[in-house]
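Q: Hey, got a minute to go through the ligand site and the pockets with me? Pull the model up first.

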Amino acid sequence: MTGLTPNFEYVRSVVKNAAGISLDKGKDYLIENRLAPVASKHGFDSIPDLVQEMMDEGEGGTIERIVIDALTINETSFFRDQAVFDHLEQTVLPQIIKKNAGTKRLKIWSAACSTGQEIYSTAILLKERFPRLKDWHIGLHATDISDRVLEQARSGTYSEFELNRGISPALKEKYFNKVSEFDWQICEEIRQSVSFSRHNLVGAWNGLGMYDVILLRNVLIYFELPEKQLILSHARKHINEGGHLFLGASETTFNIDSNWVSEGTTSASFQVKGKEVRNIGI
Ligand SMILES: C[S@@+](CC[C@H](N)C(=O)[O-])C[C@H]1O[C@@H](n2cnc3c(N)ncnc32)[C@H](O)[C@@H]1O
């Protein structure tokens with residue numbers, strides 16, 4: 001395996017430069033486990049051959065995109081961290097609904113959406129708990145750097161195992177259709193309510209618009225301080241007055257970007273300093 005080490009160095013630097021993801025030396029097992037099937041799927045005899053092709057193609061090539069895709073960690077589940085969905089339901093959405101009553105618009109973005117469970121959970125929450133938004137213009141957008149996860153997210157198709165992680169039998173019955181022996185697809189109405197696109201959090205933030213809620217959960221952990229700072233400073237510019245940012249349970253803005261105010265809840269939620277809506281009453 002030592003013969004592969006230089007290739008791993010190169011892979012590490014490409015993944016860091018292109019996607020901001022830090023893979024330290026301790027993650028060599030991950031690189032090897034993830035790239036071996038990719039190499040064979042794309043007709044290479046070995047990981048070094050795959051990496052050589054990536055070098056030959058240069059920055060931004062097809063193999064680079066495939067390699068980055070393979071090295072992302074996509075762990076997610078429906079209604080992951082119930083405290084987040086409780087806080088959304090009980091505080092954040094009622095506040096925003098009151099504030100936006102005039103425009104009847106609500107925009108939510110799941111940045112780093114993985115296979116889509118986060119944004120579909122949000123869509124189901126809106127449908128279940130906020131029927132009064134029937135005549136609102138609701139924009140649900142979700143992005144990720146990985147084409148592979150976006151493909152599954154767009155199709156809204158999940159295994160029994162994936163569904164069992166967060167979807168109750170009642171919700172399964174109501175929102176999912178069995179499409180094969182092992183797979184279930186989210187109903188058309190919910191699927192069509194979400195738009196998906198590829199977006200690199202450490203790339204340019206063009207054409208993203210403004211949001212009332214940004215879900216940026218369980219992704220900052222993969223970045224180092226400068227990338228975290230860059231991403232949080234971009235996020236600030238895309239949050240509406242009174243908007244909210246949700247990070248993962250183990251993530252914070254503290255000591256990274258002082259322009260955020262923690263809501264002090266168990267849901268790792270934050271507002272932009274000076275853009276908070278206080279004492280709105282609900
Ligand atoms: C652990 S998942 C989190 C999924 C979901 N937000 C959640 O909390 O359940 C992290 C996701 O971040 C994505 N990701 C990693 N680096 C990224 C980048 N530079 N830009 C956009 N997405 C990225 C990965 O592809 C992966 O799907």
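What follows is a short chat about the ligand and the pockets.

A: Sure, and keep in mind that this is a predicted model.

Q: Okay, how many residues surround the ligand, and which are the closest?

A: The ligand has 22 residues around it. T76, R80, A112, D144 and N218 are the closest.

Q: What's the shell like by class?

A: Nine residues of the shell around the ligand are nonpolar, eight are polar and five are charged.

Q: Which backbone atoms lie by a nitrogen atom of the ligand?

A: A polar backbone atom of R217 is 2.9 Å from a ligand nitrogen. For I145, a backbone N or O atom lies 3.4 Å from a nitrogen atom of the ligand.

Q: And what about the side chain of E118?

A: An N or O atom in the E118 side chain is 3.3 Å from a nitrogen atom of the ligand.

Q: How much of the ligand does the protein bury?

A: The protein buries 99% of the 600 Å² that the ligand exposes when taken alone.

Q: Switching to pockets: which one does the ligand take up?

A: The ligand takes up the space of the largest pocket, whose volume is about 420 Å³.

Q: What lines the largest pocket?

A: There are 28 lining residues, with I73, A112, N218, V219 and Y222 nearest the centre of the pocket. By class, that lining has 14 nonpolar, eight polar and six charged residues.

Q: Which domains does that lining draw from?

A: Domain 1 (2-71) and domain 2 (82-272) each give at least three residues to the lining of the largest pocket.

Q: And what's the volume of the second largest pocket?

A: The second largest pocket has about 340 Å³. Its lining counts 13 residues, and L126, K127, L133, I138 and E189 lie nearest its centre.

Technical notes: Residues numbered from 1 in each chain as written. Predicted model: local features only at pLDDT ≥ 70, side-chain atom pairs only at ≥ 80, totals over all residues. Heavy atoms only, no water. Near = heavy atom within 4 Å. Polar contact = N/O pair within 3.5 Å; in protein donor to acceptor, adjacent residues only side chain to side chain. Areas by Shrake-Rupley, 256 points an atom, 1.4 Å probe, with all protein chains shown as cover. 1 Å grid on protein atoms, 1.4 Å probe; cavity = no way out; pocket = protein on both sides within 12 Å on 5 of 7 lines; lining within 4 Å. Sits in = over half its atoms within 2 Å of the grid points. Nonpolar A, V, L, I, M, F, W, Y, C, P; charged D, E, K, R; others polar. Points joined across faces, edges and corners; volume = space filled by probe spheres on them. Domains from an automatic or database assignment.
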